[in-house]
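Me: I should like to understand the terms used to describe a protein model. Please set each term against its definition.

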Amino acid sequence: MNKNPIDELTQEHGPIKVMLRVLEKMNEKISQGEDVSNTDLNNGIIFLKEFADKCHHGKEENLLFPMMKKNNIKKELELIDVLIAEHVVGRSCIKNMVTAIEMKSSDKAGFADLFVKNSEAYVKLLDQHIDKENLILFPEAKQSLSEEKLKELEAGFENVEKNIIGEGRHAELHKLIDELKRRYLSQRQGLKMKEPRFLILGLVSFAVGVLVMYIVEKYF
Ligand SMILES: [Fe+2]
Ligand SMILES: [Fe+2]
């Protein structure tokens with residue numbers, strides 16, 4: 001594999017963002033009293049723990065951030081500390097989401113409250129965290145790391161994929177998020193949600209049109 005390791009991290013933000021949108025849908029359903037299956041909830045947690053945290057945040061925290069810290073550039077050091085602190089907060093949100101799922105069968109209201117609260121906090125945290133990395137830290141990394149350092153990073157990332165995540169697991173996690181995306185973010189579901197709004201808008205436009213025609217005919 002011969003690609004820029006910073007681009008690899010940027011690309012990994014794609015499926016993580018999909019998971020954030022899935023979480024929003026799950027939160028919406030749970031808040032409306034609809035059931036979200038344990039399988040889907042647990043698959044979401046597996047993705048967050050293995051792909052987002054162990055694989056992606058692991059590459060950042062154990063390889064990219066320490067390498068950038070060695071450059072000793074003040075503004076990078078400050079931002080990296082903020083990003084690491086956000087990874088820690090994200091982990092505690094996931095932990096609380098797991099606790100919520102465990103109490104789902106015995107305390108539905110408690111589950112809904114704890115899950116939605118932490119899931120919403122996680123979505124908000126990660127959306128802005130990803131923006132900081134995409135827009136500030138990663139462009140800095142591309143500028144400040146030498147070709148040699150980028151190669152070293154690439155080798156480190158390959159090692160994470162093979163020996164920490166395991167051969168083939170990355171593809172399995174992609175399948176998992178594709179399935180959640182299909183189930184929660186399908187086109188039809190999106191349209192279904194927007195239909196009432198479109199209908200009201202259509203009716204209002206029609207009524208205004210009729211009124212304008214009436215006024216024009218009567219007074220002009
Ligand atoms: Fe990060
Ligand atoms: Fe990231």
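Me: What makes up the protein chain, counted in helices and strands?
Reply: The protein chain has seven helices and zero strands, where helices are DSSP runs of H or I with at least four residues and strands are runs of E with at least two, numbered from the N terminus. This is a predicted model, in which local features need pLDDT of at least 70, side-chain atom pairs count only at pLDDT 80 or more, and totals for chains, interfaces and linings use all residues. Residues are numbered from 1 along each chain as its sequence is written, while chains are lettered from A and ligands numbered from 1 in the order in which they are written.

Me: Why does M68 count as buried?
Reply: A residue is buried if 20 or more other C-beta atoms, placed from the backbone, lie within 10 Å of its own, exposed if 12 or fewer, and partly exposed in between. M68 has 22 C-beta neighbours inside 10 Å and therefore counts as buried. M68 belongs to helix α2 (residues 38–70). Of the 220 residues in the protein chain, 22% are buried.

Me: Why are α1 and α6 called oblique to each other?
Reply: Helix α1 (residues 5–31) and helix α6 (residues 169–184) pack at an angle of about 40°, with axes 10 Å apart. Angles under 35 degrees count as roughly parallel, over 145 as roughly antiparallel, 65 to 115 as roughly perpendicular and the rest as oblique. The two helices, α1 and α6, are therefore oblique.

How values were computed: Axes fitted to C-alpha atoms, helices over the stretch in contact; angles between N-to-C directions.
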